[in-house]
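Colleague: Please take a close look at a single part of this model, the surface near the DNA, and at how that part is built. Give the cut-offs behind each term as you go.

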There are 2 protein chains.
Amino acid sequence: MSNAAKKAVPHPVQQAERFRRSRHDRSVELAQDYVEAIADLTLAQGEARVTDLARRLGVTHVTVNRTLARLQRDGLVNTRPYRAIFLTDTGGKLAEESKRRHQTVVAFLRSLGISEKISELDAEGIEHHVSPETLAAFERRLKKR
Amino acid sequence: MSNAAKKAVPHPVQQAERFRRSRHDRSVELAQDYVEAIADLTLAQGEARVTDLARRLGVTHVTVNRTLARLQRDGLVNTRPYRAIFLTDTGGKLAEESKRRHQTVVAFLRSLGISEKISELDAEGIEHHVSPETLAAFERRLKKR
DNA sequence: AATGAAATGTAGCCTTGGTTACAAATTAAA
DNA sequence: TTTAATTTGTAACCAAGGCTACATTTCATT
């Protein structure tokens with residue numbers, strides 16, 4: 001049975017597509033978490049330092065360091081040894097977008113009667129997988145009542 | 001070091017907690033995707049084979065192979081060289097739970113007016129981050145109209 | 001039963017994201 | 001200004017999850 005398609009399985013290719021996207025999402029999540037944290041810290045204390053990020057993200061400063069190198073490579077941040085970290089324009093935009101998305105998801109969950117704590121917790125994972133369409137639906141719902 | 005806490009930042013520790021959880025979630029996602037796929041395939045064709053899984057998950061058979069080794073190590077599947085893959089009791093339970101969660105999330109998104117395609121796509125990413133509380137809220141909402 | 005195709009396994013490499021241990025630079029205090 | 005503490009950087013390791021290339025097994029077909 002080479003080419004004959006007698007599988008009773010549901011659309012293997014499309015399935016694969018889904019997993020691929022969800023895998024790709026994962027690679028962007030970290031970047032979003034970082035730029036968001038950097039934006040917050042910069043706002044709150046004037047600058048974002050490696051140690052702050054480490055504490056905030058719950059990892060060691062080493063991990064932060066190497067991740068920042070990648071983010072710089074990808075054009076999201078500017079760093080110089082022993083200096084504060086700054087977002088590039090691209091990074092800044094990503095941060096804003098992420099923050100907005102995060103807030104929307106949290107507000108939406110809250111509107112379903114979920115506690116603040118759980119809303120925040122779940123949103124952290126969910127927000128990265130919400131497409132523009134779904135985000136729009138959330139916002140629609142929030143306005144509508 | 002240690003005890004001085006004079007940061008103006010919002011609850012760094014709790015923040016870190018969130019990230020930690022979301023990181024942990026990621027490590028469980030793959031397992032869920034695999035057991036779900038194995039359950040589906042077994043149901044649909046009587047057995048789950050490496051190649052099917054590879055096609056389904058959009059990765060090479062090599063990746064599937066090594067992942068299966070990990071799943072076996074973790075007690076979710078039973079595999080023997082050149083044989084079909086079977087779920088353990090634990091694996092089976094996880095698969096069912098995952099499937100139910102997946103369906104609920106999809107149904108919930110659909111109920112918000114989101115297209116089937118997008119619902120499926122987003123659910124794939126979202127479902128892994130939905131806590132029992134939130135899932136319950138989704139179900140509540142689905143029943144309530 | 002022999003042979004060729006398909007499935008499965010293995011070796012070895014890559015990137016990401018995490019770690020500890022140690023080195024160097026910066027900052028704060030004596 | 002020297003010294004001590006803190007912050008940042010670097011080296012070297014680990015596991016997970018991808019890959020390609022090649023070897024082996026199984027299966028189908030003649």
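Modeller: What follows starts at the surface near the DNA and works outward to the helices and chains behind it.

This is a predicted model, in which local features need pLDDT of at least 70 and side-chain atom pairs count only at pLDDT 80 or more, while totals for chains, interfaces and linings use all residues. Residues are numbered from 1 along each chain as its sequence is written, and chains are lettered from A and ligands numbered from 1 in the order in which they are written.

DNA strand C is surrounded by 19 residues, where a residue is near a molecule or strand if its C-beta atom, placed from the backbone, lies within 6 Å of it. The closest are T60(A), V62(A), R49(B), V50(B) and T51(B). At least two residues each come from helix 1 (12-45) and helix 3 (61-73) of chain A, and from helix 2 (50-57) and helix 3 (61-73) of chain B. Helices (H or I, at least four residues) and strands (E, at least two) are DSSP runs, numbered from the N terminus. Helix 3 of chain A has the largest share of this surface, with four residues. By class, the surface near DNA strand C has eight nonpolar, eight polar and three charged residues; Ala, Val, Leu, Ile, Met, Phe, Trp, Tyr, Cys and Pro count as nonpolar, Asp, Glu, Lys and Arg as charged, and the others, Gly among them, as polar.

DNA strand D also has 19 residues around it, and R49(A), V50(A), T51(A), T60(B) and V62(B) come nearest. Here helix 2 and helix 3 of chain A, with helix 1 (12-45) and helix 3 of chain B, each give two or more residues. The largest share of the surface near DNA strand D, four residues, is that of helix 3 of chain B. The classes for DNA strand D are nine nonpolar, seven polar and three charged.

Within chain A, helix 2 and helix 3 pack at an angle of about 110 degrees, their axes 8 Å apart. Axes are lines fitted to C-alpha atoms, for helices over the stretch in contact, and angles run from 0 to 180 degrees between N-to-C directions. Helix 2 of chain A is therefore roughly perpendicular to helix 3 of chain A (under 35 degrees counts as roughly parallel, over 145 as roughly antiparallel, 65 to 115 as roughly perpendicular and the rest as oblique). From helix 2 of chain A, V50(A), T51(A), L53(A), A54(A) and L57(A) meet H61(A), V64(A) and N65(A) of helix 3; two residues are in contact if their C-beta atoms, placed from the backbone, lie within 7 Å. This helix contact holds five nonpolar, three polar and no charged residues. V50(A) and T51(A) thus appear in the helix contact as well as among the residues nearest DNA strand D.

In chain B, N65(B) lies in helix 3. N65(B) is partly exposed, with 13 C-beta neighbours inside 10 Å; a residue is buried if 20 or more other C-beta atoms, placed from the backbone, lie within 10 Å of its own, exposed if 12 or fewer, and partly exposed in between. L41(B), in helix 1 of chain B, is buried, with 22 other C-beta atoms within 10 Å. The C-alpha atoms of L41(B) and R56(B) are separated by 9.4 Å, with the two residues 15 apart along the chain.

Behind the DNA surface is the contact between the chains. It joins 39 residues of chain A to 38 residues of chain B. On the chain A side, helix 1, helix 2 (50-57), helix 5 (116-126) and helix 6 (132-143) give two or more residues, and helix 1 gives the most, with 15. That side has 16 nonpolar, nine polar and 14 charged residues.

How the chains are related completes the picture. A rotation of 180 degrees, with 0.0 Å of shift along its axis, superposes chain A on chain B with RMSD 0.1 Å; the fit is by least squares on the C-alpha atoms of residues with pLDDT of at least 70 in both copies. The two copies are thus related as by a two-fold rotation axis. The same surface serves both copies, since 97% of the contact residues of chain A recur in chain B. In chain A, I126(A) comes closest to the rotation axis, with its C-alpha at 2.6 Å.
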